[in-house]
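Please open the structure in your viewer and keep the selection tool at hand. The tour below moves from one selection to the next and says what can be found at each stop.

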Amino acid sequence: MYLGSYLGKNYMELHDFAQNIKNDKGASNNLNDVISQRSLTSVFQPIINLSNGSVHGHEGLIRGPKSSHLHLPFDLFNEANEKNRVCDLELLSLQIGLESFVKYSRENKIFVNVSPECLLQFDHNKVISLSYIEQLGLSPKNIVLELTESSPTFDYAKLYSVIDSYRNV
């Protein structure tokens, strides 16, 4: 954890916060092992309001095992793409991010990345539900889903419908 100040305001920057979440267990280089063993770590980047220095929220980011070639998100998600496991990895990243963040704060906003394709899949399978979010002790209003732009989405009507369903939570 790093404590600092900006424009006379104190803020906290969290790194490798999820020490209680399984991570670096043997630092597997195998993506399937990383996913099945939940060997990911969340880090949080503060989002600061530059006009007054207040922390608006935190962006949840994910890292693979530290001593693995899968540590950096680029490598982790490229391999997941090659093995057709991107949505499995995104779901696990989202879960670990929320589980880690709740240990830090229940009042602040958390911004998490999700691809449109996986968001559609999550909605279809109801894997991220209101009951799951409430079970963690988070308010749905404090979770901001950021759509990634890594691949094109052609069914915009369906995507808008799914986004509206999450907004109405």
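What volume does the largest pocket have? In this predicted model, the largest pocket has a volume of about 670 Å³. To find its middle, select Phe77, Val86, Glu90, Asn113 and Thr148, which are the closest to its centre among the 28 residues that line the largest pocket. Then colour strand E4 (55–63), H2, H3, strand E5 (109–114) and helix H4 (116–125), since these are the elements that give two or more residues to its lining. H3 provides the largest share of that lining, with seven residues. If you colour by residue class, the lining of the largest pocket shows eleven nonpolar, twelve polar and five charged residues.

Next, select helix H2 (residues 73–82) together with helix H3 (residues 86–104), whose axes come within 7 Å and cross at roughly 140°. This crossing makes H2 oblique to H3, because angles over 145 degrees would be needed to count as roughly antiparallel. Show the side chains of Leu76, Phe77, Ala80 and Asn81 on H2, and of Val86, Leu89, Glu90 and Ser93 on H3, as these residues make the contact. By class, the contact of H2 with H3 consists of five nonpolar residues, two polar ones and one charged one.

Now turn to the strands, and select strand E3 (residues 41–48) with E4, which pair in the antiparallel sense over eight bridges. The two strands form a hairpin with six residues between them, and in the turn Gly53 has a positive phi of about 80°. Within this pairing, centre the view on Ile47, whose bridge partner in E4 is Gly57. From Gly57 you can step across to E5, where its bridge partner is Lys109; here E4 and E5 pair in the parallel sense, over three bridges.

The last stop is the second largest pocket, with a volume of about 420 Å³. Select Ile143, Val144, Leu145, Tyr166 and Arg167, which lie nearest its centre among the 18 residues that line the second largest pocket. The elements that give two or more residues to this lining are H3, H4, strand E6 (143–147) and helix H6 (156–167). Which classes of residue make up the lining of the second largest pocket? Colouring by class shows 16 nonpolar and two charged residues there, with no polar ones.

How values were computed
Residues numbered from 1 in each chain as written. Predicted model: local features only at pLDDT ≥ 70, side-chain atom pairs only at ≥ 80, totals over all residues. Heavy atoms only, no water. Axes fitted to C-alpha atoms, helices over the stretch in contact; angles between N-to-C directions. Helix = DSSP H or I, 4+ residues; strand = E, 2+ residues; numbered from the N terminus. Parallel < 35°, antiparallel > 145°, perpendicular 65-115°, else oblique. Contact = heavy atoms within 4.5 Å. Nonpolar A, V, L, I, M, F, W, Y, C, P; charged D, E, K, R; others polar. 1 Å grid on protein atoms, 1.4 Å probe; cavity = no way out; pocket = protein on both sides within 12 Å on 5 of 7 lines; lining within 4 Å. Points joined across faces, edges and corners; volume = space filled by probe spheres on them. Pairing = 2+ DSSP bridges.
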